[in-house]
Amino acid sequence: MVQVHLPSMLRPMAGEQTVLEVQGATLTAALDELRTRYPALERRLRDESGALRRYVNFYVDGEECRRLSGPDTPLTPHTELMIIPSVAGG
């Protein structure tokens, strides 16, 4: 199982859970399972075409997925996936 760590701003869309466990051989597959279980998360993570949102960073075992294979980044059973939306302000 892949462990998905959610920041506090996304937890209300996942029943206030801090860590979710999902299956998936790639980042896309893991996000597809999240979409099925927690549909409200989908809008925050991917756009209408299914592409990763620009302002959300996905870290696979500490490495930003865009530096790996993007949505095709492979995941192993003990992968930690951290989802971190960018925060802007002034």
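Two residues are taken to be in contact when heavy atoms lie within 4.5 Å of each other. On this criterion, and with neighbours within four places in sequence set aside, Leu45 in the predicted model contacts Leu10, Leu31, Leu34, Ala51, Leu52, Arg53, Val56, Phe58 and Ile83. Leu45 is also among the residues that touch the most other members of the largest nonpolar core, together with Val4, Leu34, Leu41, Phe58 and Ile83; this core comprises 23 residues. At least two core residues come from each of β1, β2, α1, α2 (39-45), β3 and β5. The greatest contribution is that of α1, which provides four residues.

The strands are arranged in an open sheet of five, with the order β2-β1-β5-β3-β4 and mixed pairing. The edge positions are occupied by β2 (19-22) and β4 (63-64); each has a single partner strand, so one side of each lacks a neighbour in the sheet. Helix α1, spanning residues 27-37, packs on the sheet and touches β1 (2-5), β2, β3 and β5 (80-85), its direction making about 110° with that of β2.

Within the sheet, β1 and β5 run parallel and are joined by three bridges, with Gln3 standing opposite Glu80 of β5. The pairing of β3 with β5 is antiparallel and extends over five bridges. In this pairing, Phe58 has Ile83 of β5 as its bridge partner; Phe58 and Ile83 both appear in the contact list of Leu45. Strand β3 (residues 56-60) is further connected to β4 by two bridges, again in the antiparallel sense, and Tyr59 is placed opposite Glu64 of β4.

The two faces of β5 differ in their covering. In a regular strand, side chains alternate between the two faces of the sheet. In β5, Leu81, Ile83 and Pro85 make up the covered face, whereas Glu80, Met82 and Ile84 make up the uncovered one. Ile83, on the covered face, is thus placed with the residues that touch the most other core members, while Glu80, on the uncovered face, is the residue opposite Gln3.

Two residues other than glycine adopt a positive phi, and both are found in loops. Glu16, with a phi of about 65°, belongs to the loop between β1 and β2. Its relative accessibility is 54%; residues over 50% are classed as exposed, and Glu16 is therefore assigned to that class. Asp61 has a phi of about 50° and is located in the loop linking β3 and β4.

Note on methods
Residues numbered from 1 in each chain as written. Predicted model: local features only at pLDDT ≥ 70, side-chain atom pairs only at ≥ 80, totals over all residues. Heavy atoms only, no water. Pairing = 2+ DSSP bridges. Axes fitted to C-alpha atoms, helices over the stretch in contact; angles between N-to-C directions. Buried < 20%, exposed > 50% of the residue type's maximum accessible area, 1.4 Å probe, protein only. Core = buried A, V, L, I, M, F, W, Y, C linked by side-chain atoms within 4.5 Å.
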